[in-house]
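Trainee: I've got a new model open and I'd like to learn to read it properly. Where do we begin?
Mentor: Pull up the sequence and the structure, and we'll take them a piece at a time.

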Amino acid sequence: MSGEWDGFLLPKNGRKKKRKKHGRSIMQAGKYCYLCARFYGDYGRKPVQKHHIVFGRGNRQISEELGLTVYLCDQHHEHGPDAVHVNHEMARILQADAQETYEQTHTREEWMERIGRNYKL
């Protein structure tokens, strides 16, 4: 036994963990800050992070599944005064925009069935 763990490891069953396929955002096509574009018309190239628009706690999976994601710059995502993780009003704007976009191809009843709350401003 040349230093091997012979007999201690279980054999693999040959199956790989199935990765969930995530849909594209239904809210934006490019990688620019959604809020910079919405408020200032700024589609400039700056570092952005993907943000899942959540509705209550633990609904990231629903947001991903429905395509309710946007890209945000750091100032609008986590660290600025208008960051959606800090500023409740900015988060509400994204939630209302998400509902508006979703309802362009679905009904209000479908929205309420999936999300359970009306966010229209």
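Trainee: Let's start with α4: which of its residues are buried?
Mentor: Helices (H or I, at least four residues) and strands (E, at least two) are DSSP runs, numbered from the N terminus. Buried means under 20% relative accessible area, exposed over 50%, and partly exposed in between (1.4 Å probe, protein chains only). Go by that, and the buried residues of α4 are Met90, Ala91, Ile93, Leu94, Gln95, Ala96, Asp97, Ala98, Gln99, Thr101 and Tyr102.

Trainee: Before we go on, what pLDDT do side-chain atom pairs need to count here?
Mentor: Residues are numbered from 1 along each chain as its sequence is written, and side-chain values use heavy atoms, with hydrogens and water left out. This is a predicted model, where totals for chains, interfaces and linings use all residues, local features need pLDDT of at least 70, and side-chain atom pairs count only at pLDDT 80 or more.

Trainee: Back to α4, then: how far apart are its end C-alpha atoms?
Mentor: The expected span of a helix is 1.5 Å times one less than its number of residues. Helix α4 covers residues 88-102, so its 15 residues should span 21 Å. The model agrees, with the end C-alpha atoms separated by 21 Å.

Trainee: Which elements help to cover the buried residues of α4?
Mentor: With 11 of its 15 residues buried, α4 is largely enclosed by the rest of the structure. The cover on those buried residues includes α1 (34-40), β1 (48-52), α2 (60-66), β2 (69-73), α3 and α5 (108-114).

Trainee: At the start of α4, which residue's backbone nitrogen does a side-chain oxygen of asparagine 87 reach?
Mentor: Asparagine 87 sits in the loop between α3 and α4. A polar contact is a pair of N or O atoms within 3.5 Å; within protein, one must be able to donate a hydrogen and the other to accept it, and residues adjacent in sequence count only if both atoms are side-chain atoms. Here the side-chain oxygen comes to within 2.9 Å of the backbone nitrogen of glutamate 89.

Trainee: Which element gives the most residues to the largest nonpolar core?
Mentor: A nonpolar core is a set of buried Ala, Val, Leu, Ile, Met, Phe, Trp, Tyr and Cys residues joined through side-chain atoms within 4.5 Å. The largest one has 21 residues, and Leu35, Phe55, Leu72 and Leu94 have the most contacts inside it. The elements giving two or more residues are α1, β2 and α4. With 5 residues, the top contributor is α4.

Trainee: And the aromatics: which residues form a cluster?
Mentor: Rings of Phe, Tyr and Trp (its six-membered ring) pair if their centres lie within 6.5 Å; planes under 30 degrees apart are stacked, over 60 edge-to-face, and the rest tilted. The whole structure has 5 aromatic pairs. In one of them, tyrosine 102 and tryptophan 111 have ring centres 5.4 Å apart and planes at 55°, so that pair is tilted. The cluster is made of Phe55, Tyr102, Trp111 and Tyr119.

Trainee: Is tyrosine 43 buried or exposed?
Mentor: Tyrosine 43 lies in the loop between α1 and β1. Contact means heavy atoms within 4.5 Å, and beyond four places in sequence tyrosine 43 has contacts with Tyr32 and Ala37. Its relative accessible area is 51%, so it counts as exposed.

Trainee: In β2, what is the bridge partner of glutamine 49?
Mentor: Two strands pair if DSSP finds at least two bridges between them. β1 and β2 pair in the antiparallel sense over 5 bridges, and 4 of the 5 residues of β2 are buried. Opposite glutamine 49, the partner is leucine 72.

Trainee: How long is the polar contact between the side chains of histidine 77 and glutamine 49?
Mentor: Histidine 77 belongs to helix α3 (residues 74-77), and at 6% relative accessibility it is buried. Leaving aside neighbours within four places in sequence, its contacts include Gln49, Leu72 and His85. The side chains of histidine 77 and glutamine 49 are joined at 2.4 Å.

Trainee: Last one: in what order do the elements run from the N terminus?
Mentor: The chain has 5 helices and 2 strands. Of its 121 residues, 36% are buried. From the N terminus on, the order is α-β-α-β-α-α-α.
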